[in-house]
Structure formats: structure tokens, C-alpha cells
Amino acid sequence: MRLFQRSAQVLAALVLLFAVPYDAASRPARTAPHARVADGGDDRGTEPFGADCRVTVSGSDVTAYCHNPYPATDAVSLHVECDRWWDIDSDGGQVPAEAAETVRLTGRCWKEVSSAWISHAKVDG
């Protein structure tokens, strides 16, 4: 009886493992906060950097709000990848997010949005 229970538990675990479609595991999340970006490889002695961005997808429209809590200016860009092969992906221009400033970025596809993300660049000055 104990062997049967162990076999049933192993079978249940395997069913759950393979029940999630491959496509669901490999697709990026629709909304996710962007991680802080470090300036260079060595974090010791450097100031924190990187605007905190929230990207939302609503149908074919993408909106991102980026707030920069740090003194260094962060040039943020919105990148939109469309789901359909014929729909044009877009890479927005750099928008400077000054210290304590929130900027709004928008983009869209004709049909479905596959993914959207923000890139960061430190502005010297």
C-alpha cells in the first residue's frame, strides 16, 4: 500500500510538471517592474542609478511610467515587439528622466503586443 501511495505522488508530480504548456513557460510577463541598473561592473563607491519603470499592455497599446528617484539622469527608451510577423516592432527614442521626475512613454502595435520593455542609459552631465 505504501508503494502505491509513493507511486501516485510521483505520478501526480510528473503530471503537474508536464501539464504547463511549453509556450506559457517561455513567454515574458505582460507587466513587470524593471530591475535597477548598476553603473558599470563594480558597485562599490558608485551612486545608485536607474529609474523604476512600470509597463502595462492594454490590447495593442503599451504605456510605461518611469520614475527616477536618483540624482543622475536616466535616459529611458520603450521597446515594443508585436506578435504578428507583419506588424512593425518599435524602439522609441531616449527620454531623459531627471532626478525625482516621472516620464510617460507610449507605443502600440496594429494587433497584439508580444512583449514590451524599457532600456536605460546614464546621461553624463
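Modeller: Two strands pair if DSSP finds at least two bridges between them. Keep that in mind for this predicted model.

Biologist: What makes E1 and E2 a pair of strands?

Modeller: At least two bridges are needed. Seven bridges join E1, residues 52-58, to E2, residues 61-68. They therefore count as paired. The two strands run antiparallel. One bridge sets Cys53 against Cys66 in E2. The hairpin has two residues between its strands, and Gly59 takes a positive phi near 65° there.

Biologist: Why are Cys53 and Cys66 called a disulfide?

Modeller: The cut-off is a sulfur pair within 2.5 Å. The sulfur atoms of Cys53 and Cys66 are 2.1 Å apart. That value falls within the cut-off, so the pair is a disulfide. Cys53 lies in strand E1 and Cys66 in strand E2, so the bond ties together parts that are 13 residues apart in sequence.

Biologist: What makes this disulfide of Cys53 and Cys66 right-handed?

Modeller: The S-S torsion is about 115°, so the disulfide of Cys53 and Cys66 is right-handed.

Biologist: Why are Cys53 and Cys66 called buried?

Modeller: Buried means under 20% relative accessible area. Cys53 has 1%, and Cys66 has 0%. Both values are under the limit, so both residues are buried.

Biologist: How many disulfides does a search of the whole structure find?

Modeller: Two. Cys82 is joined to Cys109, S to S 2.0 Å. That distance is within 2.5 Å, so this pair qualifies. Cys82 lies in strand E3 and Cys109 in the loop between strands E6 and E7, so the pair ties together parts that are 27 residues apart in sequence.

Biologist: Which hand does the disulfide of Cys82 and Cys109 have, left or right?

Modeller: The torsion about its S-S bond is about -95°, so the disulfide of Cys82 and Cys109 is left-handed. Cys82 has 6% relative accessibility and Cys109 has 2%. Under 20% is buried, so both cysteines count as buried. With the bonded cysteines numbered in sequence order, the pairing is 1-2, 3-4.

Biologist: How do you know which elements have the lowest and the highest confidence?

Modeller: Compare mean pLDDT by element. Helix H2, residues 22-26, has the lowest at 39, and E2 the highest at 98. Over residues 20-35 pLDDT stays under 50, and the model has 20 contacts beyond four places in sequence for them.

Biologist: What is the average pLDDT of the protein?

Modeller: The average is 79. A score of at least 70 is reached by 63% of the residues.

Key. Residues are numbered from 1 along each chain as its sequence is written. This is a predicted model: local features need pLDDT of at least 70, side-chain atom pairs count only at pLDDT 80 or more; totals for chains, interfaces and linings use all residues. Side-chain values use heavy atoms; hydrogens and water are left out. Helices (H or I, at least four residues) and strands (E, at least two) are DSSP runs, numbered from the N terminus. pLDDT is the predictor's confidence in each residue, from 0 to 100. Contact means heavy atoms within 4.5 Å. Buried means under 20% relative accessible area, exposed over 50%, partly exposed in between (1.4 Å probe, protein chains only).
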